[in-house]
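Hi,

Here is the structure I said I would pass on, with the sequence alongside. Have a look first, and my notes follow underneath.

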Amino acid sequence: MSNILTHVLCLSSLFNLAQPSSIPSNSPSLSAAPSKSSSPTLTTAYPSVSPSISAEPTPSPSSAPSISKQPSFAPTAMPSSSPSESPTGSLYYPDWINDSQVCLNDGEDPEYMLKVQRENYLYRSKEECCENHFWWRIQQCMGNDVPMYYSNGDFCDQKVNFEDWESKYTPGSWDSSDQFDTLKECCVAKFWYDVEGCIAASPKELTFSFTINIDNVVTPIYCQDADIMGNALEQAINIGLGNDSTSTVTGIGCATLSRNADTGNTECGGCLTGSYSGDYDGTYPDSYFSSSGSTSITVEVSTKSADCTDSSCLASLYNSIIADFTAFVSSGDLSNEIVSYAVNRIPPIPELWNALTETSFSTSG
């Protein structure tokens with residue numbers, strides 16, 4: 001079956017930090033914000049061999065593990081049948097013990113929370129748990145770490161991981177303005193006396209977007225599930241893009257995902273417009289896991305470059321990234337990384353257990 005990827009790379013002038021136009025061009029864009037232009041398309045399909053899995057214990061051991069909210073070990077193969085309740089349905093609780101300080105739903109809820117303090121510490125919504133217990137690090141708790149610009153004293157640099165004290169998304173008088181979505185915003189705020197010099201000295205950002213069709217993906221019915229799936233897909237895609245690139249999933253099927261610039265939280269649009277967890281009560285319709293099919297995933301990519309100073313260099317960088325990512329997809333490694341993360345995560349993500357991405361694609365633009 002012929003499979004086609006169309007990449008659309010949006011270019012602006014080297015120091016033009018405005019939003020890119022909707023008209024595709026033949027060169028990558030230098031933009032501080034991800035491109036929203038037409039996206040290239042990856043298409044493929046190849047058969048998988050997926051063992052069956054039972055939602056109920058069997059009288060004798062089998063080669064496939066049963067589903068539980070707290071699996072004792074990671075499944076060794078891709079399960080294919082439908083659990084009656086999503087393993088991602090465990091309640092979220094604040095984890096203060098580990099250095100990460102995030103809200104988890106791994107089934108390891110402390111006993112005192114389960115028996116005495118359920119109303120104070122257990123949540124169906126990850127967003128609500130993070131806002132109540134880790135409001136000073138909401139971005140890290142929600143897993144929405146994205147490249148942001150900040151002043152290093154000499155110019156505006158860019159990084160993904162910030163310390164707690166550097167957090168932008170804190171309430172009231174703790175609000176910080178030391179993280180910025182674009183290079184221009186950072187230079188204007190921190191180097192207002194020499195904005196052009198700041199822009200010239202700061203690392204440049206190459207941005208582009210693509211759309212990839214993935215088979216056998218369960219369509220999420222809650223924003224919270226779409227967010228979890230998006231984070232898993234980003235983990236897998238980032239491996240193929242390399243250390244200097246960061247991916248952001250902005251669409252899963254008919255649903256769109258975006259980060260609220262004021263709160264750092266994930267917001268859904270399209271067919272999942274509404275509250276983060278909706279009316280989720282821990283259960284799913286019987287037909288939920290039988291709704292899998294080919295799903296279009298929209299991805300935006302941001303690549304930091306400390307070396308490129310002109311469009312020619314950025315074009316070469318783009319071509320190198322695409323070549324490496326093409327090999328990553330064609331070899332089946334992207335599919336393997338998605339399934340591995342989805343199966344081994346605690347709790348796992350059954351919506352992605354049988355994900356199959358494209359084996360070959362072509363580029364244009």
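Among contacts in the protein chain between residues at least 6 apart in sequence, 71% join residues at least 24 apart. Bear in mind that this is a predicted model. The chain runs to 365 residues, and 49% of them are buried. As for secondary structure, there are 9 helices and 11 strands.

I'll start with the helices towards the end of my list. Helix α7 covers residues 223-241 and helix α8 covers residues 311-330; their axes lie 8 Å apart, and the two pack at an angle of about 120°. The pair therefore counts as oblique. On the α7 side the contact uses Ala236, Ile237, Ile239, Gly240 and Leu241, and these meet Ile321, Asp324, Phe325 and Phe328 of α8. Sorted by class, that contact holds 7 nonpolar residues, 1 polar and 1 charged.

Helix α8 also packs against helix α9 (residues 333-344), where the axes come within 5 Å and cross at roughly 70°. That crossing makes α8 roughly perpendicular to α9. Here α8 contributes Phe325, Phe328 and Val329, while α9 brings Asp333, Leu334 and Glu337. The breakdown for this contact is 4 nonpolar, no polar and 2 charged residues. If you are clicking through, look at Phe325 and Phe328: they appear in the contact with α7 and again in the contact with α9.

Now for the aromatics. How many aromatic pairs are there? The count comes to 9. One of them joins tryptophan 96 and phenylalanine 134, and it is classed as tilted because the ring centres are 6.3 Å apart with the planes at 50°. This pair bridges distant parts of the chain, with the two positions 38 residues apart in numbering: tryptophan 96 sits in the loop between β3 (93-95) and β4 (102-104), and phenylalanine 134 in the loop between α3 (126-133) and α4 (138-142).

Are those two partners buried or exposed? Tryptophan 96 has a relative accessibility of 37%, so it counts as partly exposed. Phenylalanine 134, on the other hand, is buried, at 0% relative accessible area. Phenylalanine 210 and phenylalanine 325 make another tilted pair, 5.3 Å centre to centre and with 45° between the planes. This one also ties distant parts of the chain together, since phenylalanine 210 belongs to strand β7 (residues 204-217) and phenylalanine 325 to helix α8, 115 residues apart. Both phenylalanine 210 and phenylalanine 325 are buried.

Back at tryptophan 96, there is a cluster to look at too: Trp96, Tyr121 and Phe134 form one aromatic cluster.

A ring of another kind of interest is that of tyrosine 150, where the charged end of lysine 159 sits over the ring, 4.8 Å from its centre.

Last, a note on glutamate 128, which you will find in helix α3. With a relative accessible area of 40%, glutamate 128 is partly exposed. Its C-alpha is 9.1 Å from that of tyrosine 92, although the two are 36 residues apart in sequence.

That's everything I have for now. Shout if you want to go through any of it together.

Cheers

Notes:
Residues are numbered from 1 along each chain as its sequence is written. This is a predicted model: local features need pLDDT of at least 70, side-chain atom pairs count only at pLDDT 80 or more; totals for chains, interfaces and linings use all residues. Side-chain values use heavy atoms; hydrogens and water are left out. Axes are lines fitted to C-alpha atoms, for helices over the stretch in contact, and angles run from 0 to 180 degrees between N-to-C directions. Helices (H or I, at least four residues) and strands (E, at least two) are DSSP runs, numbered from the N terminus. Angles under 35 degrees count as roughly parallel, over 145 as roughly antiparallel, 65 to 115 as roughly perpendicular and the rest as oblique. Contact means heavy atoms within 4.5 Å. Ala, Val, Leu, Ile, Met, Phe, Trp, Tyr, Cys and Pro count as nonpolar, Asp, Glu, Lys and Arg as charged, and the others, Gly among them, as polar. Rings of Phe, Tyr and Trp (its six-membered ring) pair if their centres lie within 6.5 Å; planes under 30 degrees apart count as stacked, over 60 as edge-to-face and the rest as tilted. Buried means under 20% relative accessible area, exposed over 50%, partly exposed in between (1.4 Å probe, protein chains only). A charge sits over a ring if NZ of Lys or CZ of Arg is within 6 Å of the ring centre and within 35 degrees of the ring normal.
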